[in-house]
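Me: I'm new to this structure and would like to learn how to read it, one feature at a time. Can you walk me through it?

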Amino acid sequence: MARAFLIVMDSVGAGGAPDAAAFGDEGSNTLGHIAAACAAGRAETGRSGPLKMPNLDALGLGAAVRLASGAAMEGFTARPQGLWGAAQEVSRGKDTPSGHWELAGVPVPWDWTYFPVARPAFPPDLVALVCKLAGTEGILGNCHASGVPIIAEHCEEHLRTGWPICYTSADSVFQIAAHEEAFGLDRLLKLCADLAPYLHAMKVGRVIARPFTGTCGDFRRTPNRHDYAIAPPSPTLLDWVSEAGRATHAVGKIGDIFSMRGIGKLWKGKSDADLFEHLVRLGEEAEDGSLTFANFVEFDSLYGHPRDVPGYARALEWFDAGVPRFLARLRPGDLAIFTADHGNDPTWTGTDHTRERVPVVGWGAGLREIGLRGYADVGASLAAHLGVAPQGPGRSFL
């Protein structure tokens, strides 16, 4: 029985979103701008020369980016041999839950709540609740920020007072950073879990625990991050497949993003390298008729938000080099789709996600040009491949 693999390269956008200007992102293009920087010699740290992704390009990645945005990436000249096209989002956000839910067939039907770009960013009743739940007299941060700088700014005061570092971004999120030993990892996770229902009722998409260790001059964020996401508004691809009696596997953040709904087995790791090993193993071991849904977050978290162009390029090349090892383990009749949930152009201003179309390239459906589609069509297509009836607005491109 056929199997399906949905692989999300978190934030690997392709530009060209028709509504990008409404988000302040007109002209952003994650893949296109990284490729241009590499070709111009502006991404030489730890790598060199033009961006090299021959394996995904052979499936149709370069053609997908040209379709999405019109950008011709230097060296991406392969004639597609796989399924290829691009997708655009209808949900009114450029965040992780919106992108993943819509890829799984369920566009977001509401407007998210965003916190203002001001100091303080959070209303007094929310701050009071955080203090009550944390058992502290106050919080630190209370603003829009990127994770590493806000920890550096408040680390000493956090260790001295025990107050949690609370911040947000252009996404609908409430993030809390705290030291794993001084504040306590279990205490941080409980604080976020207890706070999540209140914020979800406000239509804030995620409460994110951001633990770190070390000294203020030499701290590091740990793999123990946990996202407490609002539940999807209706059944997703994971639910459709599990309710049909099939096995489902979630790799990486997928369990958090979907509040564990429809997920049979969850596979996590300390890095994308660990997660890739899970994906390779599942390529060999996943049950007949199963769905594997994987997220690779480090493109976004380690390189997109910090605006690290050479780091992002290195990560793309590392991932592409591993693709043949995964594909070699797939069986006749399997389908693997590689896509993204939004953009995070490391050449762009600020530190937030960018509103972009995303590439859709696949192995297992032969040479197939699918054109420009909706995110929800991805979920509908994987359901059709598995012989499961889709329940959302998507239409299969198979």
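Reply: Sure, let's begin in a loop: methionine 260 lies between helix H9 (254-257) and strand S10 (265-267). Keep in mind that this is a predicted model.

Me: What is phi of methionine 260 near?

Reply: Here's the general idea: most residues other than glycine have a negative phi, and most peptide bonds are trans. Methionine 260 has a positive phi, near 65 degrees, and is not a glycine.

Me: Is methionine 260 buried, partly exposed or exposed?

Reply: Buried means under 20% relative accessible area and exposed means over 50%, with partly exposed in between. The relative accessible area of methionine 260 is 40%, so this residue is partly exposed.

Me: Which loop holds serine 11, and what is its phi near?

Reply: Serine 11 sits in the loop between strand S1 (4-9) and helix H1 (30-39). Its phi is positive, near 80 degrees, and again the residue is not a glycine. Serine 11 counts as buried because its relative accessibility is 0%.

Me: And the peptide bonds? Which residues does a cis peptide bond join?

Reply: Arginine 119 and proline 120, with omega at about 0 degrees. To find proline 120, look in the loop between helix H4 (96-103) and helix H5 (124-134).

Me: Let's do a helix. How far apart should the ends of H6 be, and how far apart are they?

Reply: The idea is to allow 1.5 Å a residue. Helix H6 has 15 residues (147-161), so the expected span is 21 Å, and the end C-alpha atoms are 19 Å apart, which agrees.

Me: Where is the kink in H6 centred?

Reply: On histidine 154, and the kink is about 55 degrees. After H6 comes glycine 162, with a positive phi near 80 degrees.

Me: Which residues of H6 are buried?

Reply: An α-helix has 3.6 residues a turn, so residues three or four places apart point the same way. In H6, the buried residues are Gly147, Ile150, Ile151, His154, Cys155 and His158. They pack against strands S3 (140-144), S4 (165-168), S5 (173-179), S6 (206-215) and S7 (218-221), as well as helix H7 (180-201).

Me: How is the chain split into domains?

Reply: The domain assignment gives domain 1 as 4-109 + 233-386, while domain 2 is 124-229. Their C-alpha centres lie 28 Å apart. The contact between them takes 13 residues from domain 1 and eleven from domain 2.

Me: What does the UniProt record place at residues 3-388?

Reply: The unreviewed UniProt entry gives the feature "domain: Metalloenzyme" there. In the model, that span is 37% helix and 20% strand, and its end C-alpha atoms lie 12 Å apart.

Me: Which residues does the UniProt "binding site" annotation cover?

Reply: Asp300, His305 and His353, again according to an unreviewed entry. They are spread over 54 residues of sequence but cluster in space, with a largest C-alpha distance of 8.3 Å. The lining of the largest pocket includes Asp300, His305 and His353.

Me: Where are aspartate 300 and histidine 305, and are they buried or exposed?

Reply: Aspartate 300 is in helix H11 (residues 298-304), and it counts as buried at 5% relative accessibility. Histidine 305 is in the loop between H11 and helix H12 (309-327). With a relative accessible area of 19%, histidine 305 is buried too.

Me: What do they touch, leaving out residues up to four places away in sequence?

Reply: Aspartate 300 touches Asp10, Ser11, His305, Pro306, His342, Asn344 and His353. So you meet serine 11 again, the buried residue at 0% relative accessibility. Histidine 305 touches Asp300, Asn344, Thr351, Asp352 and His353.

Me: What about phenylalanine 299: buried or exposed?

Reply: Phenylalanine 299 lies in helix H11 and counts as buried at 1% relative accessibility. Beyond its neighbours within four places in sequence, its contacts include Met9, Asp10, Ser11 and Tyr312.

Me: One last thing: how far apart are the C-alpha atoms of glutamate 26 and arginine 355?

Reply: They are separated by 8.1 Å, although the two residues are 329 residues apart along the chain. Glutamate 26 is in the loop between S1 and H1, and it is exposed, with a relative accessible area of 61%. Leaving aside neighbours within four places in sequence, glutamate 26 is in contact with Ala20, Ala21 and Trp348.

Methods:
Residues are numbered from 1 along each chain as its sequence is written. This is a predicted model: local features need pLDDT of at least 70, side-chain atom pairs count only at pLDDT 80 or more; totals for chains, interfaces and linings use all residues. Side-chain values use heavy atoms; hydrogens and water are left out. Helices (H or I, at least four residues) and strands (E, at least two) are DSSP runs, numbered from the N terminus. The expected span of a helix is 1.5 Å times one less than its number of residues. The bend at a residue is the angle between axes fitted to the seven residues ending there and the seven starting there. Buried means under 20% relative accessible area, exposed over 50%, partly exposed in between (1.4 Å probe, protein chains only). Contact means heavy atoms within 4.5 Å. UniProt positions are given in the numbering used here, feature names are shortened, and annotations may be inferred rather than shown by experiment. On a 1 Å grid over the protein atoms alone, a cavity is a set of points where a 1.4 Å probe fits but cannot get out, and a pocket is an open set with protein on both sides within 12 Å along at least five of seven lines; lining residues have an atom within 4 Å of a point. Domain bounds come from an automatic or database domain assignment.
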